[in-house]
Every structure is written in C-alpha cells, then in structure tokens.
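Reader: Hi there! Could you walk me through this one? I'd like to start with the domains.

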Amino acid sequence: MTPILLSFGIFTLLFFSGITPGDAQPKTIILATTTSTQDSGLLDVLLPIFEKKTGYFVKTIAVGSGQAMAMGQKGEADVLLVHSPDAEKKFMAEGYGINRRLVMHNDFIVVGPAEDPAKIKGLKSSQEAFKRVASAKALFVSRGDNSGTDAKEKTIWKASGIKTEGEKWYQQTGLGMGQTLNVAAEKKGYTLADRGTYLAMKKNLNLDILVEGDAILLNIYHVIEVNPAKWPKVNTGGAKAFSDFMVFRETQDIIKTFGVDKFGSPLFFPDAGKKEDDLGK
Amino acid sequence: MELIFEGIKKAFWLVVTFDPEVIGITLLSLEVSGIATLISLLIGISTGVAIALSRFPGKKIVVSLINTGMGLPPVVVGLFVTIFLWRNGPLGFLEILYTPTAMIFAQAVIATPIVMGITLAAIQQLPPKLRLQILALGATRLQMVWILIKEARLPLLAAVMAGFGGVISEVGASIMVGGNIKGYSRVLTTATVMETSRGNFDIAIALGIILLLMAYLINLVLTHIQQRERPR
C-alpha cells in the first residue's frame with residue numbers, strides 16, 4: 001500500500017511544483033557543443049536572439065567535442081556545434097549526421113609560463129615546440145578528454161613523433177579548457193588552448209602565448225544536424241533552424257564582433273559559405 | 001585573499017541589487033532540492049520506520065545496503081539516471097532529461113537512503129520497551145508509530161537536514177541530468193562550477209557564499225524546530 005501512496009504523493013508534488021514531465025517538448029532543441037562556445041560567452045549572446053526569432057528553446061549541453069558527437073551518435077542531441085574535423089568526417093561518413101556546415105574558426109595557441117623552461121617562445125612550428133617540451137621534460141598539461149582541443153594536441157604529438165603515454169612530464173586533467181588552463185597556470189606547465197577561452201580567462205592566468213600562427217593550429221567549428229533517419233526522435237525542424245541560424249549573415253556579423261569590446265580582438269572569425277581548405281590562407 | 005574579498009563584495013552586490021539571474025538560480029536550487037528532500041522524507045521515513053519495527057530474515061543485509069546507500073556518489077546516480085532518461089533509454093518516453101524534474105528525480109535518489117538510514121538508527125535507538133508500553137496503554141498500531149516518530153524527533157530532523165544538505169550541495173548529478181541550462185536548469189552549484197571554469201572566480205565565490213547563506217538559514221529554521229521545548 002505504501003508504494004501506491006508514495007507515488008501518488010510524488011506526482012502530486014511534481015504537479016504542484018509546476019514541473020510536469022515532458023514540458024514544451026516539440027519546441028525544444030538539444031544542442032551538444034564544445035565547452036569553448038559556452039565558456040567564451042558566445043552562446044549567451046547568440047541563443048537569446050535565436051530563441052526570440054524562432055520560438056525554439058535551446059538546451060545547451062556543453063561538453064567536449066568527443067562527447068558531443070557521442071551524444072549525436074546515440075540520437076541524444078539534435079544538433080552539434082563542434083571543432084574536431086577528423087572525428088566529424090568519421091561521424092558524417094558513418095551516417096550519423098547530415099548537412100555539415102562551416103561556421104567559424106579561430107586558432108589554437110601553445111601557452112606556458114613566462115620563464116619558458118623549454119625555450120619555445122616565438123617558434124613558428126608547433127611540432128618543434130612540442131619536441132622541445134618533450135626533450136626538456138617540461139610539464140605539459142593535457143586535456144585528455146577527447147575534446148576537439150585534445151584531438152588537435154594528439155595530432156601534433158603524433159606528427160612530431162613523440163610518445164607521451166606514461167611520461168612523468170605529461171599530465172592529463174580530463175577537464176574542460178578553462179579548468180585545464182587553471183591547472184597549467186598553477187603548476188607552471190605548458191598547454192594547448194583555443195584562443196577564445198585563453199583570452200576570456202587571461203586576466204587570472206599567469207600564462208603567455210608562446211607559439212601561434214602555425215597552419216596546423218587552425219581551430220575550425222562546424223554545425224552538424226543529427227541524422228533523423230538513424231534516430232526518429234530527433235527534432236529535425238529545430239536542428240535545421242539552428243544550423244541555418246548559425247550561418248545567417250546577421251549571426252555571422254555578431255560572431256565577427258563578439259569579444260572585441262571586452263578583449264580588444266575578436267574571439268572567432270565567421271566563415272559561413274567558405275571552404276575548409278581555404279581557411280588560414 | 002583579495003579574490004575572496006572581491007567575491008564577498010560581489011555576493012553582497014548581487015543580493016542587494018536583486019540580480020534577476022542569481023535570484024532565479026537561487027530559487028530553482030531551493031525548489032529542486034526542497035521537493036527532492038520532501039520526496040525523500042516520504043519514502044525514507046516511512047520505509048525506515050517500517051524496517052526498524054519489523055523483523056524479517058536478511059534484515060541485517062537490507063540495513064547494511066541502506067547504510068551504504070547513505071554514501072551514494074552523486075555522479076554515479078547522475079550517470080545511471082541519465083542513461084535511464086535518454087530519449088532512447090528505458091524511461092525515454094517521459095522526455096524529462098535536461099529538465100528540473102530530472103534533477104529532482106536524481107536528488108531524491110541521493111537523499112532517500114540518507115533519510116532512511118538515519119530514520120532506522122533513530123527508531124532503533126528508542127528503548128524497546130517503549131513500544132510495549134504504548135501498546136499496553138491501548139494505542140492502535142498507527143498511533144504507536146506516530147508516537148515513536150514524535151519521540152525520535154531530534155534525530156529525524158537531523159535526517160531532514162542531512163538529506164537537504166546532501167542534495168543542495170550536490171553538483172555531479174545535477175549537471176549531468178539537468179545540463180546546467182541557462183535560466184532553466186542552472187542551480188547554485190552547477191553555476192559555481194561553470195563560472196570557475198570560465199575564470200570568473202569572483203562570481204563563483206559569490207554564488208558559493210549565497211549557497212552557504214541559504215543552507216545556513218534553512219538549517220537555522222530546522223534547528224529552531226528541533227531544539228524547541230519538548231511538549232511534556
């Protein structure tokens with residue numbers, strides 16, 4: 001008897017709390033995205049405009065690009081805004097996504113303490129910089145979380161032919177960009193960061209930009225709609241509306257100026273309609 | 001150190017100016033954790049009393065399981081609740097993942113064993129002869145239970161505080177099943193995590209202070225009820 005009474009009580013509570021199961025479903029979109037778009041504050045600017053314009057309600061789940069795509073693969077998100085091109089191509093090839101479109105880019109930078117024990121400041125090649133960090137056995141703090149930044153970092157290690165697994169000077173936080181930057185700053189280590197998050201957090205960090213401008217350091221964001229053929233529960237209309245919105249001219253103009261007033265330079269460069277191969281040229 | 005003063009100043013400022021976002025976040029924290037605690041009280045106290053007063057084989061195992069449950073890691077609860085509530089999961093038809101309802105659900109799962117465990121201990125520490133005495137005075141079984149609950153009021157209110165304290169301060173499950181969505185499922189703890197990772201330490205400290213203040217006020221009220229003169 002007790003369980004019946006209890007479930008009755010619970011439903012009464014939920015009912016009176018005004019929170020009912022499945023509220024406002026068809027108008028909700030689940031956006032799985034990387035932490036950098038949220039931590040930089042870009043989505044806080046863009047989403048209210050989108051919601052006002054279309055009437056959709058966006059549930060942003062800010063995780064690493066790897067987890068965002070895993071959510072897409074399971075049909076647990078409607079649309080993705082991610083920056084891990086190689087993994088994205090695989091995602092598309094396996095049929096999980098449709099309509100992958102270029103949105104914007106910025107770049108990755110290698111940051112580290114001003115003392116720069118591995119002497120990498122001003123190097124043009126990130127691979128060379130990573131090699132020097134490894135041979136100096138200077139502390140390198142890695143995200144280690146399968147995010148877009150993490151994937152890029154691994155690509156550079158691979159290209160420079162260095163195995164980091166099990167090395168004492170190589171530490172993985174498993175945390176987001178902001179927290180990893182904090183760890184690197186506290187432990188006076190090097191790390192690879194996206195410029196947006198670094199600029200947004202610079203005031204509290206004792207980390208300098210040491211290497212930048214290498215072509216491999218380009219950080220490209222795409223919007224991908226989750227394929228409704230694989231997962232019929234996906235909100236197709238909402239996903240399309242959001243991904244269209246991200247490449248609209250007005251949205252792109254906002255992206256272009258976002259952060260200029262606060263940081264003196266933009267955090268992202270809009271790229272809608274361009275080709276990925278033409279970026280950074 | 002300077003940062004902490006900055007944070008205190010910020011907290012004061014956010015509170016006196018009635019910053020609408022912070023007020024919203026605070027109210028949602030209260031609502032979610034309050035309802036979750038109420039649910040856990042309903043289930044925890046009733047089941048706890050029932051188990052304490054009954055004798056059955058394997059009771060020790062059940063009690064040890066409940067006591068283990070008092071230390072349920074919130075992230076583990078969060079993970080399992082998320083998997084259950086996925087669109088394509090067993091409870092996906094409810095469509096409540098990334099809503100405050102899902103947070104209430106997860107927090108109730110966390111708080112229930114805490115309340116149940118303390119209830120069990122509270123009822124079991126009452127003198128066993130008390131039950132006989134009450135029944136001998138002609139009370140019905142229900143009346144007897146009610147008197148026992150009143151008798152164990154002090155530890156039971158401690159159960160309320162422990163349950164509420166456990167869920168209002170919890171972040172792992174809330175961020176996983178709620179998603180920390182702005183203006184919708186963002187509570188004090190998840191907002192603190194986010195502001196920290198954004199490097200806004202002053203706001204993070206301010207939110208932390210507001211959380212502490214709120215927990216203190218609620219416990220003050222509960223303690224007041226707990227420490228009242230017992231009716232003789």
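Author: Happy to! Domain bounds here come from an automatic or database domain assignment. This is a predicted model, where local features need pLDDT of at least 70 and side-chain atom pairs count only at pLDDT 80 or more, while totals for chains, interfaces and linings use all residues. Residues are numbered from 1 along each chain as its sequence is written, with chains lettered from A and ligands numbered from 1 in the order in which they are written.

Reader: Cool, so what domains is chain A divided into?

Author: Domain 1 covers 21-105 + 220-278, and domain 2 covers 107-217. Their C-alpha centres in chain A lie 26 Å apart.

Reader: How many residues does the contact take from each domain of chain A?

Author: Domain 1 of chain A gives 19 residues and domain 2 of chain A gives 15 residues, with contact meaning C-beta atoms, placed from the backbone, within 7 Å.

Reader: And which classes are on the domain 1 side in chain A?

Author: The side of domain 1 of chain A that touches domain 2 has 5 nonpolar, 12 polar and 2 charged residues. Nonpolar means Ala, Val, Leu, Ile, Met, Phe, Trp, Tyr, Cys and Pro, charged means Asp, Glu, Lys and Arg, and polar means the others, Gly among them.

Reader: Switching topic: how many helices and strands does chain B have?

Author: Chain B has 11 helices and 0 strands, taken as DSSP runs numbered from the N terminus (helices: H or I, at least four residues; strands: E, at least two).

Reader: What box do the C-alpha atoms of chain B fill?

Author: Roughly 65 × 50 × 25 Å, along the principal axes. Among chain B contacts between residues at least 6 apart in sequence, 77% join residues at least 24 apart.

Terms used
Contact = placed C-beta atoms within 7 Å.
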